[in-house]
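Here is a friendly briefing to read with the model open beside you. Have a look at the sequence and the fold, and then we can go through the chain and a handful of its residues together.

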Amino acid sequence: QRQNPSVFGGEGAYLQKGEWEFRTSFFRFVSDKHYIGTEPNTRLTPYTGPVNTRNQWDFNFTYGLTSRWALSLDVPFQIQSYNLHRVVQGSGTNQPVPINTGASGIGDLTARAGYWLFSTKQSKGNIFVSMGLEFPTGDSSATSFVYGRAVPVDISVQPGTGGWGIAPMVQAFRSFGRVTAYGVGT
C-alpha cells in the first residue's frame, strides 16, 4: 500500500529542472479480523488469533531533470508487531499467554525514473509514468525472542522482502473547472 499526494493542474504540478521535492506520509494498519474466503473465522479472535500492526512512514525525495523527467527515491521506515495468545506447552495450565513479536527499521528502497506524457505547458491534465527498481535493503530475517530464544518474526512484519523488484507506477490528473480528479496505480 502506498500513499501519494494529490497533483493539481497548472505549472505547480510539475518540478522544473534542478528543483527538489520532499514528501512524507504515514499510515497505520491493524489486522485483527480473520476470514476463510468471505466467511469470518470464528476460531480466531483478537484474543485467540494473531493481531498484526504496521506503522509506516514513507519519505520520498524527487529531483526534476526537466519539467517532464524526474528521478525519485522512496524510503520506508516501519515499526511492526505480530501478537497472539497461546497456551504454553508443559506449563500445567490451559490459560493462554501473550506472545509478542515484531520488527522495525528501514524497508526496501525504491529508485524511480518518471516522465510526463503530455506537455507540461498545459494545465487541464496529464499522465505521469515511472519505472522503479526495488532494492533489498530492509531486514528480511528479523528475529524476536519467544520463551527466551530468538525466532524469526512472521513474514508479514519483516521490514524487507529479501529480493529485488520492479515497481511500475502511473499517476494522472484531469481538471474539470474547479474540480480536479486524481488517480495513482503502483
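Does T62 count as buried or exposed? T62 has a relative accessibility of 9%, and because buried means under 20%, T62 counts as buried. Please keep in mind that this is a predicted model. The points below begin with the whole chain and then turn to single residues.

**The chain as a whole**

- The protein chain has 12 strands and 0 helices, so if you walk along from the N terminus, you meet β-β-β-β-β-β-β-β-β-β-β-β.
- The radius of gyration of the protein chain is 22 Å, whereas a compact globule of 186 residues would have one near 16 Å.
- Taken along the principal axes, the box filled by the C-alpha atoms is roughly 75 × 35 × 20 Å.
- Of the 186 residues in the protein chain, 34% are buried.
- Looking at contacts between residues at least 6 apart in sequence, you will find that 63% join residues at least 24 apart.
- About 11,400 Å² of the protein chain is exposed, and carbon and sulfur atoms supply 59% of that area.
- The protein chain carries 15 positive and 11 negative charges, and the mean positions of the two sets are 6 Å apart.

**Two buried residues in strands**

- T62 sits in strand β4, which covers residues 51–64.
- The side chain of T62 makes a polar contact of 2.7 Å with the side chain of N60.
- Leaving out residues up to four places away in sequence, T62 touches L15, E19, W20 and E21, and also A70, L71 and S72.
- S130 belongs to strand β8, residues 125–135.
- The relative accessible area of S130 is 8%, and this value is why S130 is buried.
- The side chains of S130 and R112 are joined by a polar contact of 3.5 Å.
- Beyond its neighbours within four places in sequence, S130 is in contact with R112, A113 and G114, as well as with A167, P168 and M169.

**Partly exposed residues**

- F135 also lies in strand β8, and at 29% relative accessibility F135 counts as partly exposed.
- Setting aside neighbours within four places in sequence, F135 has contacts with D108, L109, A111, G163 and W164.
- F135 and R23 are 112 residues apart in sequence, and their C-alpha atoms are 20 Å apart in space.
- S119 is found in the loop between β7 (109–116) and β8.
- With 35% relative accessibility, S119 counts as partly exposed.
- The side chain of S119 reaches the backbone nitrogen of K121 at 3.1 Å.
- Neighbours within four places in sequence aside, S119 is in contact with Y14, R68 and N126.
- S119 and S67 are 52 residues apart along the chain, with a C-alpha separation of 8.9 Å.

**Exposed residues**

- How exposed is P40? Its relative accessible area is 52%, and because exposed means over 50%, P40 counts as exposed.
- P40 lies in strand β3, residues 39–40, and touches H34 and Y35 when residues up to four places away in sequence are not counted.
- T38 is placed in the loop between β2 (35–36) and β3.
- T38 has a relative accessible area of 69% and is therefore exposed.
- The C-alpha atoms of T38 and T110 are separated by 34 Å, and the two residues are 72 residues apart along the chain.
- Y147 lies in the loop between β9 (143–146) and β10 (149–152).
- At 53% relative accessibility, Y147 counts as exposed.
- If you check the backbone of Y147, you will see phi near 55°, a positive value in a residue other than glycine.

Conventions
Residues numbered from 1 in each chain as written. Predicted model: local features only at pLDDT ≥ 70, side-chain atom pairs only at ≥ 80, totals over all residues. Heavy atoms only, no water. Helix = DSSP H or I, 4+ residues; strand = E, 2+ residues; numbered from the N terminus. Rg over C-alpha atoms; globule rule 2.2 N^0.38 Å. Buried < 20%, exposed > 50% of the residue type's maximum accessible area, 1.4 Å probe, protein only. Contact = heavy atoms within 4.5 Å. Areas by Shrake-Rupley, 256 points an atom, 1.4 Å probe, with all protein chains shown as cover. Lys, Arg positive; Asp, Glu negative; His and termini not counted. Charge placed at Lys NZ, Arg CZ, Asp CG, Glu CD. Polar contact = N/O pair within 3.5 Å; in protein donor to acceptor, adjacent residues only side chain to side chain.
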